[in-house]
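Colleague: I'm new to this one, and I'd like to know how you get from numbers to words. Can we go through it together?

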Amino acid sequence: VSLFQMAWIHGAYGVMWFEHEDPLSHAGPGSNQRLRFPNSPNLWLECQRLAVEGAELAPALQSHRAAAPSVHVSGGAVHATALLEQRRGGGIVVLVANPTNEPAQIRVSVDSDAVADGTAPILFVGRNVTVKGGAFHDSIDAWGTRAYRMDPRTAWQDASEPPTPTLNPQNLLSNP
């Protein structure tokens with residue numbers, strides 16, 4: 001399980017990195033020990049992966065968590081949370097972690113008034129799930145994590161026609 005995703009599920013907002021300063025054993029002329037990479041290639045790859053995840057999830061992690069819809073997961077001893085994305089167009093990100101050594105078939109349900117039916121991409125995996133009535137089914141591997149981005153339901157989705165587009169008053173272009 002990504003410890004960072006578990007931390008994000010339980011309320012963390014970011015990640016702080018540190019590195020132990022030890023003397024270089026092979027310092028050459030002009031070397032700067034503050035620019036060293038971690039000694040372990042696996043650690044460096046994990047740092048890169050977490051940086052990409054953190055950058056993609058930043059608009060959701062910085063959101064007001066109390067405003068997010070409630071989420072319920074059945075089918076395993078998994079942990080989950082929903083976050084509202086703070087970007088134009090919005091979105092609802094659902095983070096799920098399986099802290100057990102067994103894969104699980106899960107059913108994730110979010111307030112059906114908050115999410116639209118359709119497909120929801122599984123971030124960092126490259127596939128989608130189908131959302132119907134605010135719920136979807138998926139499998140999560142042992143010690144695995146998932147991040148789903150769901151479309152928010154808008155008032156016009158229940159109407160027969162979408163609203164007429166209007167100019168955004170924050171638009172700074174004189175002739176958009």
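Modeller: Sure, and let's start with a cut-off: buried means under 20% relative accessible area, exposed means over 50%, and partly exposed is in between. Keep in mind that this is a predicted model.

Colleague: Then why is E53 called buried?

Modeller: Its relative accessible area is 6%. Buried means under 20%, so E53 counts as buried.

Colleague: And what makes R49 partly exposed?

Modeller: R49 has 34% relative accessibility. Partly exposed runs between 20% and 50%, so that is the word for R49.

Colleague: How do you know that R49 forms a salt bridge with E53?

Modeller: The cut-off is a side-chain nitrogen of Lys or Arg within 4 Å of a carboxyl oxygen of Asp or Glu. For R49 and E53 the closest N and O atoms are 2.3 Å apart, so the pair qualifies under that 4 Å rule. Both residues lie in helix α2, four residues apart, which is about one turn of the helix.

Colleague: How many salt bridges does that rule give?

Modeller: The count comes to five. One of them joins R127 and D138, at 2.9 Å from N to O. R127 lies in strand β6 and D138 in strand β7, so this pair ties together parts that are 11 residues apart in sequence. Another has the side chains of R146 and D141 meeting at 3.2 Å, N to O.

Colleague: Which residues are linked in a network of salt bridges?

Modeller: R127, D138, D141 and R146. On accessibility, D138 is buried at 7% and R146 is buried at 12%. R127 is partly exposed at 33%, and D141 is partly exposed at 39%.

Colleague: Let's turn to the sheet. What makes β1 and β7 edge strands?

Modeller: The open sheet has three strands in the order β1-β4-β7, with antiparallel pairing. β1 and β7 each have a single partner strand, so one side of each is left without a neighbour in the sheet. From one strand to the next, the twist averages 25°.

Colleague: How do you know that β1 and β4 pair?

Modeller: Two strands pair if there are at least two bridges between them. β1 (residues 71-74) and β4 have four bridges in the antiparallel sense, so they pass the cut-off of at least two. Within that pairing, V73 stands opposite V108 in β4.

Colleague: And how many bridges hold for β4 and β7?

Modeller: Six, again in the antiparallel sense, with β7 covering residues 135-140. A104, for instance, has I140 in β7 as its bridge partner.

Colleague: Why is β4 described as largely enclosed?

Modeller: The strand runs over residues 104-110, and five of its seven residues are buried, so the rest of the structure largely encloses it. For the whole chain of 176 residues, 32% count as buried.

Colleague: Where does β4 fit in the chain overall?

Modeller: There are two helices and eight strands, and along the sequence the pattern is α-α-β-β-β-β-β-β-β-β.

Colleague: Now the surface. What makes V52, F124 and V125 a nonpolar patch?

Modeller: Patch members need over 30% relative accessible area and no salt bridge, and nonpolar side chains are joined within 5 Å. Take F124: it is partly exposed, with a relative accessible area of 41%, so it passes the 30% cut-off. The patch made by V52, F124 and V125 covers about 260 Å². F124 sits in the loop between β5 (118-122) and β6 (127-131), and it has a positive phi of about 70° although it is not a glycine.

Colleague: What about W143: where does it lie?

Modeller: In the loop between β7 and β8 (145-150). W143 has a positive phi of about 60°, though it is not a glycine. Its relative accessible area is 44%, so W143 is partly exposed.

Colleague: Last one. Why is Y13 called exposed?

Modeller: Y13 has a relative accessible area of 51%. Exposed means over 50%, so Y13 counts as exposed. Y13 lies in the loop between α1 (3-9) and α2 (41-61). Leaving out residues up to four places away in sequence, Y13 touches W8, L61, S63 and R65.

Conventions: Residues are numbered from 1 along each chain as its sequence is written. This is a predicted model: local features need pLDDT of at least 70, side-chain atom pairs count only at pLDDT 80 or more; totals for chains, interfaces and linings use all residues. Side-chain values use heavy atoms; hydrogens and water are left out. Patches are made of residues with over 30% relative accessible area and no salt bridge: like charges are joined within 9 Å, nonpolar side chains (Val, Leu, Ile, Met, Phe, Trp, Tyr) within 5 Å. Accessible areas come from the Shrake-Rupley method with a 1.4 Å probe; for residues, only the protein chains shown count as cover. Buried means under 20% relative accessible area, exposed over 50%, partly exposed in between (1.4 Å probe, protein chains only). Axes are lines fitted to C-alpha atoms, for helices over the stretch in contact, and angles run from 0 to 180 degrees between N-to-C directions. Contact means heavy atoms within 4.5 Å.
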